[in-house]
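Hi everyone, thanks for making the time. I'd like to walk you through a structure that I've been looking at, and I'll start with one small detail before going wider.

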Amino acid sequence: MSSDILFQLYIFILAIFVGFEVITKVPPTLHTPLMSGSNAISGITIIGAIIASGSRKIFIETFFGDVDLTSILGFIAIIFATINVVGGFLVTNRMLRMFKK
Amino acid sequence: MIQSLIIPVLYLLSAVFFILGLKLLSHPKSAPRGNFVAAIGMFIAILATLLNNKILSYELIFSGIIIGALIGSIAARRVKMTSIPQLVALFNGFGGGASLLVASAEFYRIENTIEIFIFCAVLLSIFIGGITLTGSIIAFAKLQGIIRGSAIRFKGQNLLNALLFLLIIVGAFLAINERVDFSTVIILSISISLILGYLGVIPIGGADMPVVISLLNSFSGLAAATTGFVLVNNSLIISGSLVGASGIILTNIMCKGMNRTIWNVLFTGLGFNDKINQSSSENDPSRIAKSYEPEDTVVIFENAKKIIIVPGYGMAVAQAQQVVSELEKVLESKGVNVKYAIHPVAGRMPGHMNVLLAEANISYDKLYDIDDINPEFEQADIAIVIGANDVVNPAARHDQSSPLFGMPILDVDKSQTVFILKRSMNPGFAGIENQLFFNDNSIMLFGDAKETVSRLVSELKQA
């Protein structure tokens with residue numbers, strides 16, 4: 001288990017370095033599309049949301065009766081993340097097509 | 001085979017696509033392809049996830065995707081380019097919110113067998129995600145004008161924030177030592193992080209929003225990365241860190257553009273507005289700014305070879321981008337060399353001004369950033385400042401008592417003649433009087449920027 005965590009930390013740190021290298025090369029003129037585009041990429045949480053809303057049901061007793069909490073949270077998360085992904089890539093595309101010489 | 005090999009390979013592929021996509025953003029020509037490549041990467045990641053054998057039902061998944069895609073595409077299509085900062089703020093918020101929800105969902109799934117490291121990752125994910133969610137909503141509301149844009153402060157604000165933060169740490173410590181339930185601490189952390197997002201952004205004034213949006217952008221990425229630790233998913237960790245790094249770089253550029261530190265923006269604010277308003281009401285009779293009508297300037301334009309246009313947010317507010325583009329075309333038809341000088345904080349978010357000018361069909365190779373254009377002002381016959389103020393205030397260079405002192409500015413005062421298009425003599429966003437207006441080579445053109453530029457264009461066409 002601890003080697004698992006360590007491995008994830010390796011990936012985390014190295015990915016941050018890659019990010020710094022790649023993104024410092026983006027010219028200031030494209031910083032807004034960079035932001036909306038990277039925003040769409042941060043919608044990657046959608047894959048966690050998909051697993052949560054589609055996996056085994058966990059019922060939790062509430063005032064309203066038994067509620068499948070994991071699916072409900074996952075479902076809302078899917079909506080949020082999809083707005084992020086679809087909206088982000090589309091609006092970035094719309095902006096980038098305006099940049100002409 | 002599918003579970004242990006194909007899915008991880010597809011995730012790796014999607015990460016490669018994200019990095020390649022960001023790499024292609026290094027030039028306006030290849031950038032649309034970059035965005036497309038990144039979108040393919042996302043498609044691959046989603047496809048790989050749907051193959052996961054933990055997934056038992058698809059109804060909720062597909063209905064969620066359809067609802068989200070509809071909302072996202074309508075928002076992306078309808079938004080005006082002046083409102084892009086609000087939209088990005090809101091999207092940041094959704095990203096953070098999604099991370100908070102996914103981490104919480106995973107917590108409830110594994111509550112009874114949770115390991116301490118995963119529990120800490122869940123807390124961190126909730127903390128960053130929650131702050132991003134409410135912080136972004138407040139940033140959105142301020143930019144959209146739903147709530148007052150100015151800084152809202154009260155005594156002991158920073159102390160309250162610190163205490164709330166401490167409460168989460170103490171809660172986590174007690175839970176790990178089995179003094180309180182894990183789930184109690186989770187609920188506590190969700191509430192506190194949502195409150196902290198609100199408290200954190202509400203005291204920040206409108207002028208500092210470019211910093212805040214960049215920072216929240218970084219947070220939305222870091223929230224995704226910490227959720228990756230919760231789910232033991234490398235794809236989330238990689239993509240989240242890329243976005244986190246991007247947001248940090250942009251935050252840094254914005255802070256440098258305003259000569260402030262991130263701590264100063266977040267925790268102290270400008271804090272000099274009251275004093276400034278008093279000093280600007282003093283009337284010194286020896287200082288009179290020259291004011292012309294647009295028609296009187298034609299003679300000056302006729303002898304010009306090189307003109308630099310300095311657009312500020314005031315230009316966008318007056319919706320004058322299109323006429324500015326016309327002005328450029330008229331001048332170029334007379335053989336004038338026209339360039340645009342873009343200050344890092346000219347818009348409401350990094351690079352915002354460039355998008356607004358691109359929308360008005362202004363070529364991107366005529367847009368220059370501060371370091372490239374500043375040496376050129378000395379050779380310029382005319383600098384035209386349209387709706388910008390603080391970013392051309394020479395006090396930033398020499399006046400140690402000015403709150404702007406040290407901020408990088410565009411050296412418009414070094415050109416032969418400076419035209420300043422402005423509504424009135426009122427000080428700018430930060431409420432600071434501008435020495436530039438009283439210089440001998442400065443000429444004020446008062447009025448609505450769009451109207452002034454139109455009048456200029458029609459005069460120049462006749463001349």
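Which residue just after H9(B) takes a positive phi? Have a look for a moment. It's B:Asn259, and its phi is about 55 degrees. Before I go on, please keep in mind that this is a predicted model.

Let's stay with H9(B) for a bit. This helix has 24 residues, and from its first C-alpha to its last it reaches 35 Å. At 1.5 Å a residue you'd expect 34 Å, so to speak, and the value is close to that. As for its surroundings, 22 of those 24 residues are buried, so H9(B) is largely enclosed by the rest of the structure.

You can put H7(B) beside that, residues 182–201. Here we have 20 residues reaching 29 Å, again counted from first C-alpha to last, and that's close to the expected 28 Å. H7(B) is mostly covered, with 14 of its 20 residues buried.

Okay, stepping back to the whole of chain B. There are 18 helices and six strands in it. Its C-alpha trace spans about 80 × 50 × 35 Å along the principal axes. Buried residues come to 51% of the 463 in the chain. And if you take the contacts between residues at least 6 apart in sequence, 79% of them join residues at least 24 apart.

Now for a pair of helices inside chain B. In general, you describe two packed helices by the angle between their axes and the distance between those axes. For H5(B), residues 116–144, and H8(B), the angle is about 155 degrees and the axes are 8 Å apart. That makes the two helices roughly antiparallel, because the angle is over 145 degrees. Their crossing is left-handed. The contact between H5(B) and H8(B) has 17 nonpolar residues, eight polar ones and one charged.

On to the partner, chain A. It has four helices and two strands, and from the N terminus they come in the order α-α-α-β-β-α. Out of 101 residues in chain A, 59% count as buried. Looking at its contacts with a separation of 6 or more, 67% come from residues 24 or more positions apart.

So how do the chains meet? How many residues of chain B are in contact with chain A? The number is 95, and they touch 78 residues of chain A. Several elements of chain B supply at least two residues each to that side, among them H1(B), H2(B), H3(B), H8(B), H9(B) and strand E3(B). The one that gives the most is H4(B), with 17 residues. By class, this side of chain B divides into 56 nonpolar, 31 polar and eight charged residues.

Let me finish by zooming in on H4(B) and its neighbour across the interface, H2(A), residues 31–42. These two pack at an angle of about 20 degrees, with their axes 9 Å apart. H2(A) and H4(B) are therefore roughly parallel to each other, and the crossing is left-handed. From H2(A), the contact uses A:Thr32, A:Met35, A:Ser36, A:Asn39 and A:Ser42. From H4(B), you'll find B:Ile84, B:Val88, B:Phe91, B:Asn92 and B:Gly95. Sorted by class, that contact has four nonpolar residues, six polar ones and no charged ones.

That's my tour, thanks for listening.

Key
Residues are numbered from 1 along each chain as its sequence is written. Chains are lettered from A and ligands numbered from 1 in the order in which they are written. This is a predicted model: local features need pLDDT of at least 70, side-chain atom pairs count only at pLDDT 80 or more; totals for chains, interfaces and linings use all residues. A residue is buried if 20 or more other C-beta atoms lie within 10 Å of its own, exposed if 12 or fewer, and partly exposed in between; C-beta atoms are placed from the backbone. Two residues are in contact if their C-beta atoms, placed from the backbone, lie within 7 Å. Ala, Val, Leu, Ile, Met, Phe, Trp, Tyr, Cys and Pro count as nonpolar, Asp, Glu, Lys and Arg as charged, and the others, Gly among them, as polar. The expected span of a helix is 1.5 Å times one less than its number of residues. Axes are lines fitted to C-alpha atoms, for helices over the stretch in contact, and angles run from 0 to 180 degrees between N-to-C directions. Angles under 35 degrees count as roughly parallel, over 145 as roughly antiparallel, 65 to 115 as roughly perpendicular and the rest as oblique. A crossing is left-handed if the near helix is turned anticlockwise from the far one by less than a right angle, and right-handed if clockwise.
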